[in-house]
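User: I am in my first year and would like to take a close look at one part of this model, with the surroundings explained step by step.

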Amino acid sequence: MNDERLARLSLNQETIKQWSLPELAEGCVKAGIGQVGLWRAPVQAYGVERTARLLSGAGLTVTSLCRGGFLTALDPAGRAAALDDNRRAIDEAAALTTDTLVLVSGGLPPGSRDLYGARERVAEALAELAPHAAERGVRLAIEPLHPMFASDRCVVSTLAQALDIAERFPAEQVGVVVDTYHVWWDDRAPAQIARAGAGGRIHSFQLADWITPLPAGVLLGRGQLGQGSVDFRTLRAEVEAAGFDGPIEVEIFNETLWARDGAEVLAEVAERYVQHAC
């Protein structure tokens with residue numbers, strides 16, 4: 001699809017998980033998509049430097065790397081391991097020439113019910129990580145996840161909570177991710193998007209639709225754009241009114257999409273992006 005409206009579209013790697021990195025590069029070039037969001041595990045398996053060379057050679061820009069985070073451990077050994085892993089993630093992002101590392105904060109430690117304490121440990125960890133990220137030219141982007149993930153995956157559930165942490169640090173070091181799948185339901189989201197924009201803290205904007213019923217495990221229940229309940233045009237208008245003019249990533253975790261032909265899925269992503277988000 002040769003359409004100027006696709007200029008800001010970024011394909012997140014997990015949307016077409018069945019593709020290898022060379023297939024991702026080739027498929028995006030053929031489809032006229034110039035930007036990709038990456039995930040650490042497949043990049044590590046292929047090789048960070050090798051990935052950087054592959055994508056640079058294909059003329060593709062890396063818009064984000066996912067994910068760092070999981071910073072809520074109570075025990076000193078677990079905390080140290082998490083910090084070390086996040087430093088490696090920052091270095092990987094720098095090697096891939098992306099300025100954005102997406103952070104998923106982590107859930108409650110086993111046996112804990114202290115959400116406030118867990119969020120505070122995220123902030124304490126960022127105080128150690130942000131200077132290293134700044135040295136490498138990488139921004140840390142806190143992604144709030146829907147509250148259904150608060151126990152096991154992400155104690156930061158709203159943009160307001162994410163900003164309360166991010167605003168302890170310079171905007172060029174720590175900001176937030178606005179992911180439609182996670183914030184569409186929140187009637188405070190418009191005001192928090194404006195707050196994030198005023199502070200220069202919208203570091204990533206991601207799209208996926210909310211469809212029901214949710215599958216077992218809920219993680220792989222994201223829908224193609226236009227399949228569910230999310231008003232993409234309104235959310236895009238809000239982030240743009242807040243000053244965001246960066247790449248727009250489509251990030252969908254869905255086993256049905258992963259079972260299909262990748263080129264067919266990408267063509268559908270581009271078509272639905274234009275139809276529902278432009």
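How many residues line the largest pocket, and which of them lie nearest its centre?

Analyst: Please keep in mind that this is a predicted model. The largest pocket is lined by 27 residues, and those that lie nearest its centre are Trp39, Cys66, Arg67, Arg153 and Phe253. Its volume is about 440 Å³. If we ask where the lining comes from, we find that α2 (40-46), β3, α4 and α7 (180-183) each supply at least two of its residues, and that β3 gives the most, with four residues. By character, the lining residues of this pocket divide into 14 nonpolar, nine charged and four polar.

Two of the residues nearest the pocket centre, Cys66 and Arg67, deserve a second look, since the peptide bond that joins cysteine 66 and arginine 67 is cis, with an omega of about 5 degrees. Arginine 67 lies in strand β3, which runs over residues 61-69. To judge such a bond, it helps to know that most peptide bonds are trans, and that most residues other than glycine have a negative phi.

The second half of that rule matters just beyond the strand, where phenylalanine 70 is found in the loop between β3 and α4 (76-95). Phenylalanine 70 is not a glycine, and yet it has a positive phi of about 55 degrees. Its relative accessibility is 31%, and because partly exposed covers the range between 20% and 50%, phenylalanine 70 counts as partly exposed.

Both kinds of feature appear again in another loop, the one between β8 (209-210) and β9 (222-223), where proline 213 has its place. The peptide bond from threonine 212 to proline 213 is cis, with omega near 5 degrees. Valine 218 is found in the loop between β8 and β9 as well, and its phi is positive, near 60 degrees, although valine 218 is a residue other than glycine. With a relative accessible area of 22%, valine 218 is partly exposed.

For a contrast in accessibility, we can turn to alanine 277, which lies in helix α11 (residues 262-277). Alanine 277 counts as buried because its relative accessibility is 2%, and the cut-off for buried is under 20%. Leaving aside neighbours within four places in sequence, alanine 277 is in contact with Leu207, Phe232, Arg233, Arg236 and Arg272.

Note on methods
Residues are numbered from 1 along each chain as its sequence is written. This is a predicted model: local features need pLDDT of at least 70, side-chain atom pairs count only at pLDDT 80 or more; totals for chains, interfaces and linings use all residues. Side-chain values use heavy atoms; hydrogens and water are left out. Buried means under 20% relative accessible area, exposed over 50%, partly exposed in between (1.4 Å probe, protein chains only). Contact means heavy atoms within 4.5 Å. On a 1 Å grid over the protein atoms alone, a cavity is a set of points where a 1.4 Å probe fits but cannot get out, and a pocket is an open set with protein on both sides within 12 Å along at least five of seven lines; lining residues have an atom within 4 Å of a point. Grid points are joined across faces, edges and corners, and a volume is the space filled by probe spheres set on the points. Ala, Val, Leu, Ile, Met, Phe, Trp, Tyr, Cys and Pro count as nonpolar, Asp, Glu, Lys and Arg as charged, and the others, Gly among them, as polar.
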